[in-house]
Each structure stands twice: as structure tokens, then as C-alpha cells.
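Work through the following exercises with the sequence and the structure side by side. Try each task before you read its solution.

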Amino acid sequence: MRNYSSGYVTKHGNTWRAVINWQEDGNQKRLVKNTGVRCYEDRTERGADKATRDNRGKSLAETVLRDWRNKLIAQDAAEQIVPASTLPVSDYVRDYICNKERSGTVKDVTTRGYRSHLRHLIGTDLGAKQMGDVGHEDITRWEQDLASDGMAPTILSHTHVFLKQVFARARKLGGISSNPFDLVEAPRRRGKPINALPPSEISRLRHSLDGLGSTPLATGASIALKTGMRVGEICALRWQDVDLESSVIHVSHALTRVRGHYELASPKTATSVRAIPFGGSLKEVLLLRRDAMRSECEELGADWSDGLFVIGPTTSGTWKSPQGLSR
């Protein structure tokens, strides 16, 4: 696999351009992509020796760069899947997780969950058994042992579903002839009560928000209350995703925490990409927020952009972190 650099963005004409390098046969290779994000000329004030850098749009262009780099890595990783053959189950699962991690197709928190499932395999008879030799009896015996050791039914069920997914991948690639997990029912999970605000608390929250105007907190909390969007989706929401005329929000991105910092990425699952209609009360909140941000742009002499984040700072064009909004 190519060892891509982190890359960088640079101004090219009136847009930001993304550049990624890698080494191949001792030579440096380069890929270039137009991000489509507008850039502005640096300003030189009267009497100043140096130009003042105008970095408007740079953070958004860097987000495009990261998404592009992740796709390149995913394409390379798709060609590096390890065949099942005679690998022990624990080794094959470890390789499966590593390939997922390198591809960038799963979130960091998802990878941590995968590794916790792997720990339940290491040192067990099922973990040591070769992939092609696993039968449904081995799986049933292993799950019974875990349940006897006190593993919660929900955790056991999640582990079962994950391993069934791994074996399905191995079968699809031709490494094994059938998936033994198809013959074993997943352990039943205990249902959780729905965590939702009662009407009295909703009324209190609405009353509190009315006094906060068009602040990021008031806008973000109103969106959460009236659409059910996740905090990472709200912080990733840009004006280009909000159709005020049709009263529809298009959820296409979310902020996720990766190795200590947030990155803009697609939602965790395909079903999370969705269109959410909203009512007149939220429309009023969004109009107030947009008007406030436009006024701030005019005061600063900056151009308005639909690429700005709905609850992000106007000046930098960056997002507000989910952690910051939660506080």
C-alpha cells in the first residue's frame, strides 16, 4: 500500500488545491485535486512590508483533502484483504480489523469496539481454531462459556454479530465455503427504555431557549429538540445542507473523534444520510441565526458562504466541536 503524506492545501487561481505525496521506487509521486472551495488573494495594507494571509475557506478545503485521502487509502486497502485459508480465527479477525482501520471506512470508536470483541476470542478454543474448521458447535460452546463467565447478553450479542460479519467477508472472498454463524442464533439482548424528555421538560427547555436568541447553543439545542439529530451531525451542519425554502435539512456529514481530535466525515451508517423536514418554529430559529451570521460577515467585510457551519464561528469558517456544544 502507498504511504500517503498528510497532504496540504494551496491557493491555485480562485480556489484551494489539495496536494498529496507518496514515495514509490525511491521517487516522490504527487496527486493534485481541485477542492472547489473558493480562496481569496492575500491583502497588503498600506505601509506594510508583508502581505496579510487571507485563509478564508482553508479549513473547509482541508476537510475535502482529508476525505479525499481517506478514499485513496480505502481503495488501496480493498486490494490488501488477507484470505482466510488456514489462519486461526483470532489472527484473521485481527487482520480484518487492521484492514478496516487502514482503509478509513470505519470510525475510530467502531475500531475500538472491534478490538474489544477480539479480546473475547484470544486464548479460547474458537480463537485458536482455523477459519475453515469452525462449525456451529464450536460457536455455541464458546458463547455458552462466555455467558457462564458473566458476559452481559448485549455484549455477547454484539460480539456474535461482529464475528458473523467477519466470517461473511471470508466466505465472500472464497476463503471458506460457508458461514457457520448462519446456523447459530444470536443471543437475545435486553431491551432498553427509550431515553426521551417528557412533555414538561420539553416545555421548560423551549422556554429557556427563547431567551438565548441566535447563539450557537440556542440554535444547536433547538435543532436537536426538533429534529432528533445527533450532536456530531448538528456541529457538522452547513448552510448548504439547509433548505429554508422547502424546510428540509439534509444530513450528509458528522463530526467524529479520531485520535484526540474531530474530523468531518460521512455519518456512521448509510441510513444516517437522510433528509429531515422541519416546522415553522425551527425555521424562525434558523432564519435568525443566518441573519446574525450574515450581519457579522458584513461588519467584517467578508463574503457570505453557504459552506459556513450553522453553529460554527463566522470569522474562521470552522466548526464548533460536539464536546464544546455539549458543555
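**Exercise 1.** Find which residue takes a positive phi in the hairpin of S1 and S2, and then follow the strand pairing onward to S3.

*Solution.* Start at the turn: the hairpin of S1 and S2 has 2 residues between the strands, and there Gly-13 takes a positive phi near 70°. The model is a predicted one, in which local features need pLDDT of at least 70 and side-chain atom pairs count only at pLDDT 80 or more, whereas totals for chains, interfaces and linings use all residues. Residues are numbered from 1 along each chain as its sequence is written, and side-chain values use heavy atoms, with hydrogens and water left out.

Next, look at the strands themselves, which are DSSP runs of E with at least two residues, just as helices are runs of H or I with at least four, numbered from the N terminus. Strand S1 (residues 8-12) pairs with S2 in the antiparallel sense over 5 bridges, where two strands count as paired if DSSP finds at least two bridges between them. Within this pair, Val-9 has Ala-18 of S2 as its bridge partner.

Then move on to S3, which runs antiparallel to S2 and is joined to it by 9 bridges; here Ile-20 has Leu-31 in S3 as its bridge partner. S2 and S3 also form a hairpin with 2 residues between them, and Asp-25 in that turn has a positive phi of about 55°.

Finally, consider how covered strand S2 (residues 15-24) is: 7 of its 10 residues are buried, a word that means under 20% relative accessible area, with exposed meaning over 50% and partly exposed in between (1.4 Å probe, protein chains only).

**Exercise 2.** Decide whether Asp-54 is buried or exposed, and list what surrounds it.

*Solution.* First locate Asp-54, which is found in the loop between S3 and H1. Its relative accessible area is 4%, so Asp-54 is buried.

Now turn to the side chain of Asp-54, which makes a polar contact of 2.9 Å with the side chain of Arg-56. A polar contact is a pair of N or O atoms within 3.5 Å; within protein, one must be able to donate a hydrogen and the other to accept it, and residues adjacent in sequence count only if both atoms are side-chain atoms.

Last, leave aside the neighbours within four places in sequence: Asp-54 is then in contact (heavy atoms within 4.5 Å) with Lys-11, Trp-16, Tyr-40, Glu-41, Asp-42 and Arg-43.

**Exercise 3.** Explain why Ser-90 counts as buried, and name its contacts.

*Solution.* Begin with its place in the fold: Ser-90 is found in helix H2. Ser-90 counts as buried because its relative accessibility is 11%. Apart from neighbours within four places in sequence, Ser-90 is in contact with Leu-118, Ile-122 and Gly-127.

**Exercise 4.** Work out the order of the strands in the open sheet of 3 strands, and identify the edge strands.

*Solution.* Read the order first: the strands of this open sheet follow S4-S5-S8, with antiparallel pairing. The edge strands are S4 (242-243) and S8 (274-277), since each pairs on one side only. As general background, strands of a sheet pair through backbone hydrogen bonds, either parallel or antiparallel. To finish, examine one pair in detail: strand S5 (residues 248-251) and S8 pair in the antiparallel sense over 4 bridges, and Ile-249 stands opposite Ile-276 in S8.
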